[in-house]
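Colleague: Could you take a close look at the charged side chains in this model for me? I would like to hear how they pair up and where they sit.

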Amino acid sequence: MGRSAELALIDDLFDPTAPRGVALVLSGDAGVGKSALLDTAAERASEAGFKVIRIVGSQFEQSVSFSGLTQLIQPLAEAIPALPPRQAETLQAVRGLSDEQPAELLAIANAVHVLLARTTAQHGPIALVIDDAPWLDRPSAMVLGTVARNTGNGSLALLAASRTGDESFLSSTGIPSYEVQPLDEESANALVAGRFPAMAARVRQRLVAEAAGNPLALLELPVPLNEAQQTERGSLPAVLPLSERLKKTFSVRVSALPRATQELLLLAVLDGSGDLHVLEGAAHGSDVLSRLAPAERAGLVRVDSLTGLLAFRHPLTRSAVMELSTSAQRRRVHLDLADHFPEESEHQIRHLAAAAVGPDDHVAELLHDVAFRTLRRGDAVGAITTLLRASELSSLGTTKGRMLAEAACLGANITGDLRNVRALLDNAMVADPVGVDSLAAATAAASQLLNGEGDADTAHQLLVGAIRSHARPGHTDDNILREALHTLLMVCFFSGRPEQWQAFDNAVTDVLRHAPDPLLYVLRGAFGDPAHATTAVMDELDDLILGLTRETDPRRIVRTAIAGAYVDRLPSCRSALRRVVDDGRNGGAIATAIEAQFLLMNDAFASGQWDDVAHLTDDGLRWCATHNYRLLGWTGHFLLGLLAGVRGDNETAQDIADRLVRWGNPRGLGRLNVYASHIRALTALGHADFDGAYRSLRALSAPGRFPSHMPHSLWLFWDFVEAATRTGHHGEAVEHVTAVRTSGIPSFSPRLAMLTDAAEAMATPGATGHDLFDRAIATPGAERWPFDWARICLAYGERLRRSKAGSVARVHLEAALGTFQRLGAQPWCARATNELRASGVLVTSVTSAEDGRTPLTPQEQQIAQLAATGLTNKQIAAQLFLSPRTVAAHLRSVFPKLNITSRAGLRDALTRRTSS
């Protein structure tokens, strides 16, 4: 009633003649009618010929991996044996019917895609109807998020519901959202009158006013009213508190059920899967359907005829069941469920933990193992939650302290709980004062020091001491030892002092002797000291990157990408890094998501996707500020400083460089000085200030040398050779190029080979230099690095013009100018323009924008035009299948390009630009 617009939307969604698949999220307040719309949608989809699959999120099942996905797979189980063996095995593992561990999420998503595609091809379209999306377990949510992004054919439609303000796996998919509004007054009155025909008009008006159009309140508020009150023969209460009255109403309806029914409902709530087989097993084979009948007749639950799963008609019913139960009843039900599941299975252990009253050291140790199993599946947030529960169950101070310290360690390095690290460490010290210097505690404290007011030296001493005292390969927990080593790696990197790496090298050598780990080996070589890395290190790195499609652990994904950052392997890591970022957005590991975001920014800068650099920074820096990751934040600022420098915003570039030095120097973070020098040098080169660039780069190292553990030297050698050559330091330039060749750096990647040829060409006069320039410019795939390529074209064009080869020079100079214009590299445009003018070409402007600013990208143009018509960010996002946050980020980039400060000026600015 009153939902004609929503029903029309549903009919369009499940129109089998639609040219492409569609997806939609219904959002709205609790009780607004989302679940009722989903029920109607399921009926209409079934009538339209869709096979309807219902999926319902569950609060308890949130911690049980793949519980949501199993609801999708179960109705299609008969089709699994016909799938290719690898995909069939993957889905059977997800269902728990295989001894194999579930594969990584991408492989699971692919298997689900194949299952859905084959089913639709053979039996017709499928409709996925998902209720309580925010309560789905995270692995299922990630896979379903992938499904939601790929409803690109007419055979699959997806409709989900989520409360307004709740984050779910659908929040970052970009699929459209429709907010279900409260009923209007006319519809609200009609709804109450139809359900309660004997109710007096004034009573109905009072309830309609208090319910404010909420359908659930409209239907439930009358329930506690007696006949006299409903017919106006008795007085109504002075105040009808909506939330309290609704809760009491649900409790009354549940408590009116027979005790056997209430017990079964409690069993269903605590199980969370809705699987009647589980209920039968835990209820010791009793007639479950008969015991559920009173609740079905009361309209509290229903058994889905398609899936055979028990579903509560509203989440508040589950809350009422929990409120009416006693702790003893809940404990007994958890024990019954634990008895049903296999011995020492994750489900059994979790139910035993929930049933425990007071300390239980055996269950605590079992739950500790479950925590690290959860971590290895890539669910770091779930791992920490499980560790904290395990610590609560431990009676031993040493064990409790160890578990709290481990939670602090994982929180600091992975999940983004840096704000809570101090409290966790304090609690660990109270539980076990002797274990305050444990490896886990030292690792967490070092992360806190690096991001706070501490310094790199103190963090280094703390970690090295803890590793020497506690790290015994084969005896120390493998996860914690590797977290300690990774933290030490980052301390050494940011300190920028080669002597600090010796302790790390010693520790890694000891670990690798007892337990070979390719990732540690590669990090030490390709990231710690890439200029001196061996071919074996590069080969091992490439093998690790190939395995990222199967990797589920966000730590290993990010750390593999870190190892490849300086040797141009980030493009091969993009997909895996985006998974880590999506995980962070969906409530997962924030610390690794921040690192992944900045690695993607790094890749975007190198590949010329400069508008994306600014957009990617938003989330990363916001997360850093929210979770106190101040050191990680400077990586984002460094990339923004580079972008400002190459685009001509000298003031911003200089300010960021100065702030890097001011923050890094007191803390002994020499790497931030290197970042600042890089920003200053690149900014100076853009303005042809070769002396300034030379001074900035010469201060970092002597020419002809690649100091150990100075990875940034791979990003700076081309800049140094250009600056040295243009300032008359030809000997230093030649010496540096020789060192690059000798080190084998050109063999690491095509880009480094291209830059090496260009650097040698710069340092080599005459025809030999020309040949090297030609070879560099002709590097296969050079378009992947447009800024570097354009700089080489500019340098070659300058050389040719000075050699009186004007016509040939113009070809390269025009190529450079065109690329710089597309990138918005204003100072570099000016350099290319000046050279073209000197060669006799008339160049009237540096960019195509009439105000001299960077041209709009196609997507910015589209968003600006829609915003100029008055559409909100949310409406634009729905039309373009973007998130409102992405739209806002694009508009922030558009305003300075159009020389306006708000969307009010968009229409006039766009009109002027079109006329120009």
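Modeller: Asp-655 and Arg-659 share helix α33, which spans residues 650–664, and they sit 4 residues apart, about one turn of the helix. This is a predicted model, and the pair in it forms a salt bridge whose closest N and O atoms are 3.1 Å apart. Asp-655 has a relative accessible area of 36%, so it counts as partly exposed. Arg-659 also falls in the partly exposed class, because its relative accessibility is 26%. Elsewhere, salt bridges with shared partners link Asp-719, Glu-722, Arg-726, Arg-791, Glu-798 and Arg-831 into one network. The full count for the model comes to 42 salt bridges.

You can find a similar spacing in helix α20 (residues 397–415), where Glu-406 and Arg-402 are 4 residues apart, about one turn of the helix. Their salt bridge has its closest N and O atoms 3.8 Å apart, inside the 4 Å cut-off. The two partners fall into separate burial classes, and the cut-offs are worth having at hand: buried means under 20% relative accessible area, and partly exposed lies between that and 50%. Glu-406 is at 4% relative accessibility and therefore counts as buried. Arg-402, at 32%, counts as partly exposed.

Now for a pair with both partners under cover. Asp-304 and Arg-302 are both buried, and their side chains meet in a salt bridge at 3.6 Å, N to O.

As a general point, side chains of opposite charge can pair when their charged atoms come close. Arg-799 makes a nice counterpoint. This arginine lies in helix α40, residues 786–802, and is buried yet has no salt bridge. The nearest side chain of opposite charge belongs to Glu-798, 8.4 Å away. Because a salt bridge calls for a nitrogen within 4 Å of a carboxyl oxygen, Arg-799 and Glu-798 do not make one. Glu-798 itself is a member of the network that includes Arg-791 and Arg-831. What does the side chain of Arg-799 reach instead? It comes to the backbone oxygen of Ala-761, at 2.8 Å.

Just along the chain is another arginine, Arg-784, found in the loop between α39 (766–777) and α40. At 44% relative accessibility, Arg-784 counts as partly exposed, because that class runs from 20% to 50%. If you are after separations across the chain, the C-alpha atoms of Arg-784 and Gln-609 are 10.0 Å apart, with their positions 175 residues apart in the sequence.

For a surface view, turn to the acidic side chains of Asp-339, Glu-343, Glu-344 and Asp-369, which gather in a patch of negative charge. Asp-339 belongs to helix α16, residues 327–340. Its relative accessibility is 59%, so Asp-339 counts as exposed. Patch members have no salt bridge, by the rule used to build such patches, so Asp-339 and the other three stand apart from pairs such as Asp-655 with Arg-659.

Conventions: Residues numbered from 1 in each chain as written. Predicted model: local features only at pLDDT ≥ 70, side-chain atom pairs only at ≥ 80, totals over all residues. Heavy atoms only, no water. Patch = residues over 30% accessible without salt bridge, like charges linked within 9 Å, V, L, I, M, F, W, Y side chains within 5 Å. Areas by Shrake-Rupley, 256 points an atom, 1.4 Å probe, with all protein chains shown as cover. Lys, Arg positive; Asp, Glu negative; His and termini not counted. Charge placed at Lys NZ, Arg CZ, Asp CG, Glu CD. Helix = DSSP H or I, 4+ residues; strand = E, 2+ residues; numbered from the N terminus. Buried < 20%, exposed > 50% of the residue type's maximum accessible area, 1.4 Å probe, protein only. Polar contact = N/O pair within 3.5 Å; in protein donor to acceptor, adjacent residues only side chain to side chain.
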